[in-house]
Amino acid sequence: MNDDIVKVRSLNKQYRVRGANGLSRDIVQAVSDVNLDIRRGETLGLVGESGCGKTTLSRMIVRLLAPTDGTIEFDGRDVSSLRGSRLKQFRRRAQIVFQDPYASLDPRTTVGDSMEEGLVHHGIGDRLERRRRVAEMLDMVGLQAAHADRYPHEFSGGQRQRIGIGRALILKPDLLVADEPVSALDVSVQAQILNLLKDLQQELNLTVLFVAHNLAVVENVSDRVAVMYLGRVVEIASRAEIFDNPQHPYTETLLRAVPTAHPRGRRMQRLSLGEVPSPLYPPAGCTFHPRCPIARSGLCDHSPPQLMPVPVGEPDHQASCYLRAGDLAEPRSSSVQTEQMIEPKGES
Ligand code: SF4
C-alpha cells in the first residue's frame with residue numbers, strides 16, 4: 001500500500017478580481033505550484049501568516065474548492081476533477097473541521113440532527129442505527145448522548161468544536177482537515193481540543209492536515225510541518241527539524257515570533273520584516289526576497305526557487321531557498337555574512 005494518502009502536484013488556484021479601475025479583471029494567485037505529500041496516519045501541520053493560501057490549499061485537498069490546474073491524488077486516484085456521485089464518495093473519506101464551530105452548525109437544528117446529516121446524505125443506516133452512531137460519537141468527543149436533543153447555542157465554544165469534530169468523524173473518514181480548529185477558542189480550552197484531536201487520530205488511525213497560523217499550536221500536534229508563504233510551500237520537514245534546524249529565512253522569522261514560554265528557550269520577537277506583499281502583485285523571483293534579510297541581488301529576484309533538499313538535516317527536509325537548499329546552498333555562517341543584501345521593503 002502507498003505510504004502517501006495524498007499527493008498534490010503542481011497545484012494552482014487563481015481568482016479573478018475586479019481591478020483598481022473597477023473595469024479590468026486582475027488575477028490573484030492564491031496557491032502557486034504546490035507539491036505536497038501527506039503520509040498515511042500522520043498529522044501534517046500547515047502553517048503560515050494570514051492570507052498565505054493555507055486555507056485555500058486545504059479546501060482544494062478536500063475538494064470544497066476546485067483547483068485552477070494541477071492534480072490532487074487521494075489513495076492513488078486523481079480526485080482533482082471529480083464530479084457528481086464520485087465526488088460525493090470521495091467526500092465521505094475526506095472531511096473538514098472549520099475554524100468557527102458556531103457558524104458551521106445550524107442554530108435551528110439539534111446537535112443530533114446536525115451530526116446525523118452526513119449519514120443521511122450518504123444513505124448510511126436506518127434512523128435507529130444513525131442515532132446509535134450519533135450517541136457513540138458524542139461519547140467519543142467527550143459529550144453525552146443526551147446532548148443530541150439540544151441546540152448549538154446551549155453549548156460553550158469548546159463543546160461546539162467537539163460537536164464539529166464529531167460531525168466530521170461520524171462518516172469514519174481517512175483524512176481529516178482541521179482548519180484553524182482552535183483559533184476561535186479561549187486559550188484554556190485550546191489544549192483540551194488539541195488533546196482530543198491527538199487521541200482521536202490515534203484511536204481511529206486518521207490522517208490529519210492541521211492548518212494553523214500559530215507555530216506553537218502546530219508543534220503540539222504535528223509529525224511533520226509544511227510552511228507556506230504567499231501561496232507556496234517554502235519548507236517542509238519533520239517537526240523536530242522545523243523547530244531545531246529551520247533552513248528557510250521565513251521559517252526562522254516565524255519561529256522568532258513563538259512566545260517566550262517555548263521549551264527551547266527562544267525569545268519572542270515581533271515579525272519586523274514589513275508587510276506581506278499583495279498576492280495581486282507578487283514580487284518576481286523568490287516572493288520572500290523583499291523581506292528576506294539574506295537575499296542576494298541578481299539571484300533571489302530572478303526566478304522562484306523550488307523545494308530542494310537541504311544540505312544539513314534529515315534526508316526529507318526540503319526548503320525553497322537558493323542559499324539554504326539545493327546545489328547553490330552554502331554553509332550557514334558564510335551565506336549569512338557575505339550576502340549582497342537587498343534592502344527589505346516596508347521596514348518599520
Ligand atoms: Fe531569501 Fe533568496 Fe532564500 Fe528567497 S531564495 S529565502 S530571498 S535567500
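A residue counts as near a molecule if one of its heavy atoms lies within 4 Å of it. Keep that cut-off in hand for this predicted model.

**Exercise 1.** Find which residues surround the ligand, and sort them by class.

*Solution.*
Step 1. Apply the cut-off. The ligand is surrounded by His 248, Pro 249, Cys 286, Phe 288, His 289, Cys 292, Ile 294, Ala 295, Cys 300, Cys 321, Tyr 322 and Leu 323.
Step 2. Sort them. The shell holds ten nonpolar and two polar residues, and no charged ones.

**Exercise 2.** How many cavities of 30 Å³ or more does the whole structure have, and which one does the ligand take?

*Solution.*
Step 1. Search the whole structure. Three such cavities turn up.
Step 2. Place the ligand. Its space is the largest cavity.
Step 3. Give the volume. The largest cavity has about 70 Å³ of space.
Step 4. Check the lining. Ser 320 is one of its residues, and His 248 is another. By class, this lining has ten nonpolar, two polar and no charged residues.

**Exercise 3.** Describe the second largest cavity by volume and lining.

*Solution.*
Step 1. Its volume is about 60 Å³.
Step 2. Its lining includes Tyr 229, Arg 232, Val 234 and Pro 304.
Step 3. Count by class: six nonpolar, four polar and one charged.

**Exercise 4.** Which residues stand opposite Val 6 in S2 and in S4?

*Solution.*
Step 1. Pair S1 (residues 4-18) with S2 (residues 25-39). They run antiparallel over eleven bridges. Here Val 6 has Ile 38 as its bridge partner.
Step 2. Pair S1 with S4 (residues 69-74). They are antiparallel too, over five bridges. Here Val 6 stands opposite Phe 74.

Notes
Residues numbered from 1 in each chain as written. Predicted model: local features only at pLDDT ≥ 70, side-chain atom pairs only at ≥ 80, totals over all residues. Heavy atoms only, no water. 1 Å grid on protein atoms, 1.4 Å probe; cavity = no way out; pocket = protein on both sides within 12 Å on 5 of 7 lines; lining within 4 Å. Sits in = over half its atoms within 2 Å of the grid points. Nonpolar A, V, L, I, M, F, W, Y, C, P; charged D, E, K, R; others polar. Pairing = 2+ DSSP bridges. Helix = DSSP H or I, 4+ residues; strand = E, 2+ residues; numbered from the N terminus. Points joined across faces, edges and corners; volume = space filled by probe spheres on them.
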